[in-house]
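Hi there,

Here is the structure I promised to pass on. Please have a look at it first, and then read my notes underneath.

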Amino acid sequence: MSSQASVMRLTRMKGELQLLTNQPPHGIAAYPKSEDSIDVLEAKIQGTQGTPYENGEFVLEITIPDRYPTLPPNVRFITRIYHPNIDSGGRICLDLLNMPPKGGWKPSINLSTLLASIKLLMDEPNGDDGLMADITEQFRNNRPLFEKTARDWTKKYAQTNHDEQPSSIFTLQHESSVHATSTEFSNNTHHSTKKSSKEAKVRKVSEDSSDSSSSEDDSDSEEESSKKTTKQKKRKL
């Protein structure tokens, strides 16, 4: 990989990771698996309420190629999922993951958009382009059985505790939002305190100046009064 391509990839990934941290898509989180590398990311998708995947937390692995974003990332499910467009190895049948002319990948597509598209595919399976023939057939012709099986797999593989919901990504996003709000409040409070202190100093200087001016005026008045008294005494003499 050329140095120019390496710099472009690094710059692009820094921006994308910042976007995923500050403005993650709803129910989605993604981060590097290693602190010293951006080659492989781990993502988590929260199953949407009202679907067979609700209350499940699905882990995905994202491998960033050397020529990214010219080439699309490789994305696969680590958590097992019962879905017509996702095979037993976690591979995903989605146009955005493939290069044209068969696929729809473009360098302008970012990881946030890609993960949101995968979440949408989970919510709305494509029965016309199935990757697993038997599951696709069941999805088309026996939807109740498909949904029951998918729900059973979600409980078995995507929930750490079957009696409770898995650790929610929404909670992590909420805590991040609260932290940001708290930091902003702290900064505003600090700014307000500095401003109030500055205004107090200005008032004090103004008052001191006023007192000084008043003292000078009183002194001048006393001096003029003394001169008048002296003149009056001279007239009497």
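In which strand does Ile45 lie? Ile45 belongs to strand β2. Before going further, please keep in mind that this is a predicted model.

Staying with Ile45 for a moment, this residue counts as buried because its relative accessibility is 0%, and the cut-off for buried is under 20%. Ala30 lies 15 residues away from Ile45 along the chain, and the C-alpha atoms of the two are separated by 8.9 Å.

Now for the overall picture. The protein has five helices and four strands, and from the N terminus on their order is α-β-β-β-β-α-α-α-α. Of its 237 residues, 31% are buried. Among contacts with a separation of 6 or more, 58% are between residues 24 or more positions apart.

Helix α2 is where I spent a good deal of time. This helix covers residues 111-123, and its 13 residues should span 18 Å at 1.5 Å a residue; the C-alpha atoms at its ends are 18 Å apart, so the expected and computed values agree. At the N-terminal end, Asn110 acts as a cap, with a side-chain oxygen 3.3 Å from the backbone nitrogen of Ser112. Which residues of α2 are buried? They are Leu111, Ser112, Leu114, Leu115, Ile118, Lys119, Leu121 and Met122. A general point helps when reading that list: an α-helix has 3.6 residues a turn, so residues three or four places apart point the same way. The buried residues of α2 pack against helix α1 (3-22) and against the strands β1 (28-34), β2 (37-46), β3 (57-63) and β4 (74-77).

Glu16, in helix α1, links up with the same part of the story. Glu16 counts as buried because its relative accessibility is 5%. Setting aside neighbours within four places in sequence, Glu16 is in contact with Asn110 and Leu111, and also with Tyr68.

Tyr68 brings me to the backbone. The peptide bond from Tyr68 to Pro69 is cis, with omega near 10°, and Pro69 sits in the loop between β3 and β4. There is also a cis bond from Pro100 to Pro101, again with omega near 10°; Pro101 is in the loop between β4 and α2. In the loop between β2 and β3, Asn55 has a positive phi of about 70° although it is not a glycine. As background, most residues other than glycine have a negative phi, and most peptide bonds are trans.

Further along the chain, Gln138 is found in helix α3, residues 133-141. With a relative accessibility of 16%, Gln138 counts as buried, because the limit is under 20%. Leaving aside neighbours within four places in sequence, Gln138 is in contact with Tyr82, Arg143, Leu145, Phe146 and Thr149. Gln138 and Pro84 are 54 residues apart in sequence, while their C-alpha atoms are 8.7 Å apart in space.

Lastly, a word on empty space. The second largest pocket holds about 240 Å³. Its lining consists of 14 residues, and the closest to the pocket centre are Arg91, Ile92, Cys93, Leu97 and Asn98. How many residues of each class are in the lining of this pocket? Seven are nonpolar, two are polar and five are charged.

Happy to talk any of this through.

Best wishes

Methods: Residues numbered from 1 in each chain as written. Predicted model: local features only at pLDDT ≥ 70, side-chain atom pairs only at ≥ 80, totals over all residues. Heavy atoms only, no water. Helix = DSSP H or I, 4+ residues; strand = E, 2+ residues; numbered from the N terminus. Expected span 1.5 Å × (residues − 1). Buried < 20%, exposed > 50% of the residue type's maximum accessible area, 1.4 Å probe, protein only. Contact = heavy atoms within 4.5 Å. Polar contact = N/O pair within 3.5 Å; in protein donor to acceptor, adjacent residues only side chain to side chain. 1 Å grid on protein atoms, 1.4 Å probe; cavity = no way out; pocket = protein on both sides within 12 Å on 5 of 7 lines; lining within 4 Å. Points joined across faces, edges and corners; volume = space filled by probe spheres on them. Nonpolar A, V, L, I, M, F, W, Y, C, P; charged D, E, K, R; others polar.
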